[in-house]
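Visitor: I would like to go through this structure with you, one topic at a time. May I start with the charged side chains?

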Amino acid sequence: MNFFTNIFLRHRAAGWLLVIVLSIPPLCGFVGYRIAEPLPAGWVSAEVIEELRATERQFKSNIPVVLVLESDNFFQKDRISALQTTAAALRKMDAVQHLTWMGDIPAINLRGNGRLLLPEVTNETSEQELAAARQALLKHPLAAENLISPDGRTVLMLIDVRQKKVVSDIRTVAKQSLQATDIRVRITGTLALYDLHDRALAGDHLRIQLLAYLLVGVLQMLIFRRPIAIVIACSGPGVGVIWSLGWLKLIGQSENELAKIILPVMILMIGFTDGVHYVLRLKQLRVAGASVFDAAHSALTQTGPACLLTSLTTAIGFGSLMLSQSDMIAGFGRGSAIGVIVTFLAVVLVSPLLAVSWPGRRMHIEEHPEPLARLMNRLVAVIGFSSRNARMVMICGVLITVGCLITCTRLIPDERVSDRIPHQSEEWQAMHHCDENVGGIRSLKVMIRWPDKASQSEIWSVVRQCEDLISAQPLLGRPMSIRTALTVIKAADRHQKLIFANRLPDSLKEQFYRPSIQSTVVVSRMQDLGFATLNPVINQLKSELVHIESSNPGFEVTILSDVILEGKIVSQMIVEMMQSLAMAAVIIFVVLAVSFRSWQIGLISIIPNVMPLAVSGAVQYLTGGTLNIAGTCSFAICLGIAVDDTIHYLHHFRKERQCGHTAFVANQNAFITVGSALMLTTVVMTAGLGTVLTSQLPTHVSFAAIACITLLAALPADLLFLPALLTLFPGPETKRNDQLQPHGSTVGESLTERTT
C-alpha cells in the first residue's frame with residue numbers, strides 16, 4: 001500500500017490516468033457493449049419453466065390468469081347478462097387461448113344434444129330459471145368449489161394466456177364490461193402475480209436508490225458538516241457505484257432482480273464505510289499537525305490495508321454465491337464481487353487524490369474533539385468492563401453464539417408466491433380470497449400416460465385410483481378428471497363409462513383427456529401454503545403413485561406442479577448457498593490468519609463474526625420459522641460485511657501492540673480510534689439498507705431486515721466480545737510494555753502525541 005500511495009499521490013497525473021483507464025469498461029457497458037448475453041433474472045431458469053409449460057399445454061386446464069368476481073347475488077338478469085358479455089369480450093382477445101367459467105357447463109343427452117346449465121339471458125328469461133341454474137351449478141362437480149364458491153358469492157373465470165403484458169388488458173376489459181353492475185372485479189393467477197412482481201420491481205428500482213443516496217448525503221452532512229470533507233468522503237463511493245452499474249451492464253446482469261435494487265445500495269454503503277474510515281483518520285492526522293500531503297499519505301497507508309482486506313473478505317462472501325445453479329443468484333454474486341473490488345479502487349484512488357488537490361487543502365479542521373470522539377471517550381468504560389470480566393464475557397459470547405446456531409438448525413427452507421409480491425396489492429388479496437373460498441389458484445396435476453394396448457377399463461381404474469389418493473389429502477382440493485367432465489351427460493353412471501367421452505365438446509374434453517397422445521390428467525387445486533407445508537403431501541403422493549405404476553405395467557404416472565418445481569429449486573439453492581457460506585467462512589478466516597500472520601487471530605475472529613449471523617438466523621426462526629432464498633443470500637453477503645468491522649479493529653489493535661502497549665491500553669486506543677468509525681459505518685449501512693425495507697417486495701424486505709439485524713449484532717460483537725478475547729489472547733508485544741494508562745487520561749491525547 002505504501003508503494004501504491006507513493007506512486008499515485010506523488011504523481012497525481014498518473015493517479016487520474018488510472019481512474020480514467022478503470023472507467024473504460026463501465027463506460028463500454030453504459031454505451032451498450034456486452035461481454036455476456038443478458039440473462040432473464042428469475043428464481044427459476046426460463047428453460048425449466050418452458051419445459052413445464054410445454055407439458056401443461058397438452059391440456060386446456062391451465063389457469064395462469066384468474067378473474068375473481070364477487071357479488072351478493074350473481075343470479076340476477078342484469079348481472080348474468082354482464083358476465084356473459086364479459087366472457088364473450090375476453091374470448092375475442094387475440095392473446096386469450098382459452099377461457100372457462102360456470103356459463104360453459106352444459107347438460108348433454110346421449111345423442112350429443114344439450115343446453116347450458118346457465119341459460120343465455122334474454123328478455124324472456126325468468127328469475128326462476130336463474131334460481132334453478134344457481135342450484136344446479138352449486139351442486140355440479142365441475143362448478144362447485146372450482147368455478148363458483150359454496151356460498152355462491154364468488155365466481156371465477158379461468159383464462160389461459162401466454163404473455164404477461166395482456167394481464168392489464170384483461171383487467172380493463174372485465175371492469176369496463178361489469179362497471180354498470182355492483183360486481184367487484186379483481187385479477188390474480190400465476191401470470192398476473194409475475195406481472196405484478198415485475199411492476200413492483202420497476203417501481204422500487206429508482207425510488208430506493210434515490211432514497212439511499214439522499215440518506216447518505218444527510219448522514220454525511222451530520223458527520224462531517226463541512227462540504228469539502230463530504231465531497232472527499234462521497235467521491236470514491238459515488239464513482240464506485242457508477243463503475244459497478246456499468247460493470248453490471250457489461251456482464252449482462254443489469255436486469256437481475258437482486259442486483260437491480262439491492263446491489264447499488266450495498267455497494268454505496270460498503271464504499272462509504274471505507275470513505276468514512278479514510279476521512280476520519282485524515283482529519284485526526286491534520287489535527288495532529290501533519291501537512292496535507294503527509295496526512296493524506298499516512299491516512300491511506302494506515303487505513304488502506306484494512307480496507308483492502310475488508311474488500312477481499314466481502315468479495316469472498318459475495319463470490320460464494322457464484323456457486324449457485326441459479327443464474328440470478330450466481331449473477332448477483334458475480335456482479336457484487338466485481339462491485340466491491342472496483343469500489344475499493346475508486347475509494348483509494350479518488351478520495352486521496354481529491355484530498356491532496358486544491359479542494360482538499362481548503363478542508364476545515366476543527367481543533368477541538370468532535371462529538372463522536374467525545375462520546376467514545378465516555379464509552380471507554382465498556383473496554384474496562386470487557387477487560388476486567390474477559391473470561392465471563394467470552395463465555396457469554398460463546399453461549400449466545402452456540403444457542404443461536406442451535407436455533408438456526410430449526411429453520412425450514414420454504415418459499416411461497418405470496419412471499420414475492422406486495423400484500424397490499426389487488427392480486428395478492430384476490431389470491432388470498434381464493435385460498436379461503438375456492439381452494440386456491442395453484443394447481444397440482446397427475447399426468448397419466450398409457451401404453452398402446454391398454455383397455456378403457458384399465459385407464460379408468462388408474463384415473464379412479466389417482467382421484468382417491470388426492471381426495472385422501474386434506475390440503476388438496478377436490479380432484480377433477482375426465483370422469484368429472486362426464487357428469488355433464490344425462491345418463492346413469494355416466495362418469496363410469498369412458499365411451500361417453502366422445503360425446504363431450506372438445507373444449508371440455510381436452511381439459512382432461514387427450515386419447516391422441518394417450519394421456520389424461522387429474523387436476524386438483526391448492527392454496528399457497530408454501531413448499532414446506534405441501535412437500536410432505538407431495539412426497540406421499542409420489543410414493544403411492546409408484547405403487548400404481550407397478551401394479552399397472554406400461555402406465556406412467558407423474559405429478560406436475562409449479563409448487564414442486566419451485567420447492568425443488570428453492571431447497572437446492574438454499575443447500576448450495578449454505579455450503580457456499582461455510583466455504584466462504586473458512587476462506588475468510590484463513591485469509592485473516594494469513595494477513596495477520598497469526599492462526600490465533602484467525603481463530604479469535606470466529607466468534608465475533610459468526611455471532612451476528614447466528615443472531616439474525618435465530619431472529620428469523622422466532623419471527624417466521626422458515627428460511628427463503630433472499631434470507632440465505634443475505635447470510636452469505638453479511639458474513640463478508642460483518643468481517644469488515646473485525647478487520648479494522650484487529651488491524652488497529654495489532655498496531656497498538658506493535659507500539660508495546662498492553663492489551664488493555666491497545667483495546668482502549670482501538671476502541672476510541674476505530675470504534676467511532678465502526679459506530680458511524682454501522683449506523684450508515686443499517687440506515688442505507690433500511691431504505692430497502694420500504695420495498696413493495698417481501699423478498700427484498702426480508703433480505704434487508706436480516707442484513708440490518710446482522711450489522712447491528714456485529715457492533716457489540718466487535719466492541720464488547722472481541723476486546724475480551726483479545727484480552728485473554730493478546731499475542732506478543734514487539735517493543736515495550738507501557739504502564740497501564742490511568743483511567744483519568746484520554747486516549748485521544750496519547751494518539752495525538754504519538755502521531756505528532
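Visitor: Is Arg416 buried or exposed, or something in between?
Guide: Arg416 counts as partly exposed, with a relative accessibility of 30%. Please keep in mind that this is a predicted model.

Visitor: Which residue does Arg416 meet in a salt bridge?
Guide: The partner of Arg416 is Asp414, at 3.8 Å from N to O. Asp414 is buried, its relative accessible area being 5%.

Visitor: How many salt bridges does the structure hold?
Guide: There are 13 salt bridges. One of them joins Glu70 to Arg186, with 2.4 Å between the closest N and O atoms.

Visitor: Where in the chain are Glu70 and Arg186?
Guide: Glu70 belongs to strand E1 and Arg186 to strand E6, so to speak of distant parts of the chain is fair: the two are 116 residues apart. Glu70 is buried, at 15% relative accessibility, and Arg186 is buried too, at 7%.

Visitor: What about Asp506, which residue does it bridge to?
Guide: Asp506 forms a salt bridge with Lys509, and the closest N and O atoms are 3.9 Å apart. Both sit in helix H19 (residues 506-509), and because they are three residues apart, about one helical turn separates them.

Visitor: And how do Asp506 and Lys509 stand in terms of burial?
Guide: Asp506 is partly exposed, with a relative accessible area of 47%. Lys509 counts as buried at 13% relative accessibility.

Visitor: Which residues are joined into one network by salt bridges that share partners?
Guide: The network consists of Arg171, Lys175, Asp195, Arg199, Glu426 and Glu427.

Visitor: Let us turn to the sheet. What is the order of its four strands?
Guide: The order is E2-E5-E1-E6, in an open sheet with antiparallel pairing.

Visitor: Which strands stand at the edges?
Guide: Strand E2 (96-100) and strand E6 (184-188) do. Each has a single partner strand, so one side of each lacks a neighbour in the sheet. On average, neighbouring strands of this sheet are turned by 20° against each other, with direction ignored.

Visitor: How many bridges join E1 to E5?
Guide: Six bridges connect strand E1 (residues 65-70) with strand E5 (residues 154-161), and the two run antiparallel. Within E5, Val155 stands opposite Leu69.

Visitor: Which helix packs on the sheet?
Guide: Helix H16 (residues 426-437) does, and it touches E1, E5 and E6. The direction of H16 makes about 95° with that of E6.

Visitor: Changing topic: how many aromatic pairs are there?
Guide: The count comes to one aromatic pair. The pair is made up of Trp450 and Tyr513, stacked, at 6.0 Å centre to centre with 25° between the planes. The label "stacked" applies because planes under 30 degrees apart count as such.

Visitor: Which parts of the chain does this pair link?
Guide: Trp450 lies in the loop between strand E8 (442-449) and helix H17 (456-471), while Tyr513 is in strand E9 (residues 513-514). The two are 63 residues apart, so the pair is described as linking distant parts of the chain.

Visitor: Are Trp450 and Tyr513 buried or exposed?
Guide: Trp450 counts as buried at 9% relative accessibility, and Tyr513 is buried with a relative accessible area of 8%.

Visitor: What is there to say about the backbone, for instance phi of Glu145?
Guide: Phi of Glu145 is near 60°, a positive value in a residue other than glycine. Most residues other than glycine have a negative phi. Glu145 lies in the loop between helix H5 (127-139) and E5, and counts as partly exposed at 45% relative accessibility.

Visitor: And what is phi of Gln518?
Guide: Phi of Gln518 is also positive, near 55°. Gln518 is found in the loop between E9 and strand E10 (519-526), and is partly exposed at 25% relative accessibility.

Visitor: To finish, how many helices and strands does the chain have?
Guide: The chain has 27 helices and 12 strands. Of its 756 residues, 56% count as buried.

Visitor: What about the exposed area of the chain?
Guide: The chain exposes about 30800 Å², and carbon and sulfur atoms supply 59% of that area. As for contacts with a separation of 6 or more, 81% are between residues 24 or more positions apart.

Notes:
Residues numbered from 1 in each chain as written. Predicted model: local features only at pLDDT ≥ 70, side-chain atom pairs only at ≥ 80, totals over all residues. Heavy atoms only, no water. Phe/Tyr/Trp six-rings, centres within 6.5 Å; stacked < 30°, edge-to-face > 60°. Buried < 20%, exposed > 50% of the residue type's maximum accessible area, 1.4 Å probe, protein only. Contact = heavy atoms within 4.5 Å. Areas by Shrake-Rupley, 256 points an atom, 1.4 Å probe, with all protein chains shown as cover. Pairing = 2+ DSSP bridges. Axes fitted to C-alpha atoms, helices over the stretch in contact; angles between N-to-C directions. Salt bridge = Lys/Arg side-chain N within 4 Å of Asp/Glu carboxyl O.
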